[in-house]
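Thank you all for coming; I would like to take a few minutes to walk through a structure that will be new to most of you. Please have the sequence and the structure open while I talk.

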Amino acid sequence: MTMPFIHPPRKNPVLRTRQMNLPPWARGRVALGITAAAAEGRFELQVCDDCGTVQYPPREVCHKCLSVSLRWREQSGEGALLATTTLHHSNDLYFRERLPWRLGLVHLDAGPTLMVHLHGEVDEVDKAPTRVRVGARLDRAGQAVLIGFPNEGSAYMADDKMLREMTSDPKFRKVLVTDGKTEVGQALVRALVKAGADIVWVGHAEPWKKLGGLDDISALPQVTLVPLDLTNGRAVTELAGEIGGKVDIVINNAEVHRTFGIGARRGTDAAKAEMDINYFGLLRLAQEFGPVLKGRAADGQTGATAWVNLLSVYALSNFPPHGTFSASKAAALSLSQCLRAELRPAGIRVINVFPGPIDDDWNQQMPAPKLAPDTLANAIVKALRDGVEDIYPGDVAQEWLERWRDNPKILERELAAGGS
C-alpha cells in the first residue's frame, strides 16, 4: 500500500539548487506513436491490418507477416507480471538520483511482452504471474514510458514516488491562476484547494471592480489575491518578481471572448482586445514566469512542474460565428507549442486545454450542450495528476476532435456552412 505523501520540509536556501537531469529521451519516429497517444492519456500499440498481430516495440513493418499496414490502436493493458527487479545502481544521471527503481517484465493478454516501470503497489512478494495493468505516461523528457499498475489500487496511488516523477499533481504545490473573476477561474481555485494545493495565487485585473464569487474564494485560507493584468507588461513583471520564485504551476485561464467574425463588426478593436489577452497576454506571462519555472524544476517532489493554457477547440478549425476569437486561440496554440519546446529541457510540462463552449458569460446565447465550469476545472486537475499534455473536455470538444482528425477540410466546410 502506498503511504500518503506528507508535506516536505521547506527547502534549505544554503544548499545548492539541483539541476534537472532528464531521463533518456531519444526515440525514433515510429516509436513517437506511443508518445502521441500517451500525451492524451491513452496506451496504444501497433496492430497489423492484415494479420491482426499486436506488436512491441514499434517497427516499420509487421514482424509476423511483413505487412506495412500498421495502425495504432488503444490497448486495455491487461497482462501478467512475469518477473521483477530493482535497480540499485545506474550510470544514468536521472535514475542515479532516484534509486532504487523497480522494473518488471509483463506479458500482455494482447500478445507482446514489455519491460515496464512498476508502481509501488505491485507487490513483488506475490507469486508470479501477478495480474497487472500497463499504462502509458509521459516522463519528464516528454516521452512515453510504460508503467505497470495494480488492478486494484489504494486511495493514495497518486502519491507513489515514481508516479509523482511522471505527473504534476498539485498536492502541496503552489499555483498561480491568472484570472479569478470568471466562473472558470473560481471553479479552478476550488478544485485546486480540494486537490491539496498549498497556496493558490489568484490574479484579478481592475481590482476596483467588485464581482460576485471573488470574496468567497478569497476567504479560503490557501488563497491569496494578487493584482494581475496581462495587458500590462509592467504588472506581469512586478508579480513575477514577487512570487515567481515560488510558483510551481501556472494556469493561464485569462481570456477575452467576443462573437462575430470579420464582416459583421467594423474596426479591429474587439480583435485587438482578444489578441492582447489571448495571445500577447500568454507571451508576456511566458517571458516572465517561464525562466523562473525552469530554474526550480528539480526542487524535489514539490518543485516547479507544469504550465496550463486554457485554449479552445476552435483553435483547431475556425468557427466563423466566433471568428476572431478562434484566430486568437489558434495563435495562442502555436505560441504554446513553442513554449512547450522551450520548457521541456527543464522537465516542465505544458498542458493545453481545448474545451468546447463553456457555460459562462461569453456563451450566454449559445444553446446547450455547454461545459460546466466545475467540470472543466476537474478535468484540468485530473490532467495535472495524470501527466498528460492535451485534453479535450466535454462532448462537443471530443466530437470536434474526431471530425478534425478524420478530415480537417471537411470540418472546415461544415463549419463554414453553419454546422457545429
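Let me begin with helix H10, residues 373–386, which has 14 residues and reaches 20 Å from its first C-alpha to its last, close to the 20 Å expected at 1.5 Å a residue. I should say at once that this is a predicted model, and that what I describe has been computed from it.

Which residues of H10 are buried? They are Pro373, Leu376, Ala377, Ile380, Val381, Ala383 and Leu384, and because they cover an arc of only 155 degrees around the axis, they lie on the same side of H10. As a general reminder, an α-helix has 3.6 residues a turn, so residues three or four places apart point the same way. The buried residues of H10 pack against helix H4 (183–194) and against four strands, namely S12 (249–252), S13 (306–310), S14 (349–353) and S15 (390–391). After the helix comes Gly387, whose phi is positive, near 70 degrees.

Let us now turn to strand S12, one of the elements that H10 packs against. Ile249 and Ile251 point one way from this strand, while Val250 and Asn252 point the other way, and all of them are buried. S12 is joined to strand S9, residues 174–177, by three bridges, and the two run parallel; in that pairing, Ile251 is the bridge partner of Val177. S12 also pairs with S13 in the parallel sense, over four bridges, with Ile249 standing opposite Ala306.

Next, the nonpolar cores. The largest has 48 residues, and those with the most contacts inside it are Leu176, Val247, Phe289 and Trp307. Helices H6 (233–243), H8 (280–295), H9 (323–343), H11 (395–406) and H12 (408–416) each supply at least two residues of this core, and the largest share, six residues, comes from H9. Apart from this core lies another, of 33 residues, among them Val189, Val193, Ile251 and Ile358. To return to Val247, if we leave aside its neighbours within four places in sequence, this residue is in contact with Lys174, Leu176, Trp201, Phe289, Leu293, Arg296 and Ala304.

Finally, I would point you to an open sheet of three strands, in the order S2-S1-S3, with antiparallel pairing. Its edge strands are S2 (54–55) and S3 (70–74), each of which pairs on one side only. Strand S1, residues 44–48, is joined to S2 by two bridges, and there Gln46 stands opposite Gln55.

Notes:
Residues numbered from 1 in each chain as written. Predicted model: local features only at pLDDT ≥ 70, side-chain atom pairs only at ≥ 80, totals over all residues. Heavy atoms only, no water. Core = buried A, V, L, I, M, F, W, Y, C linked by side-chain atoms within 4.5 Å. Buried < 20%, exposed > 50% of the residue type's maximum accessible area, 1.4 Å probe, protein only. Contact = heavy atoms within 4.5 Å. Pairing = 2+ DSSP bridges. Expected span 1.5 Å × (residues − 1). Arc of directions from axis to C-beta.
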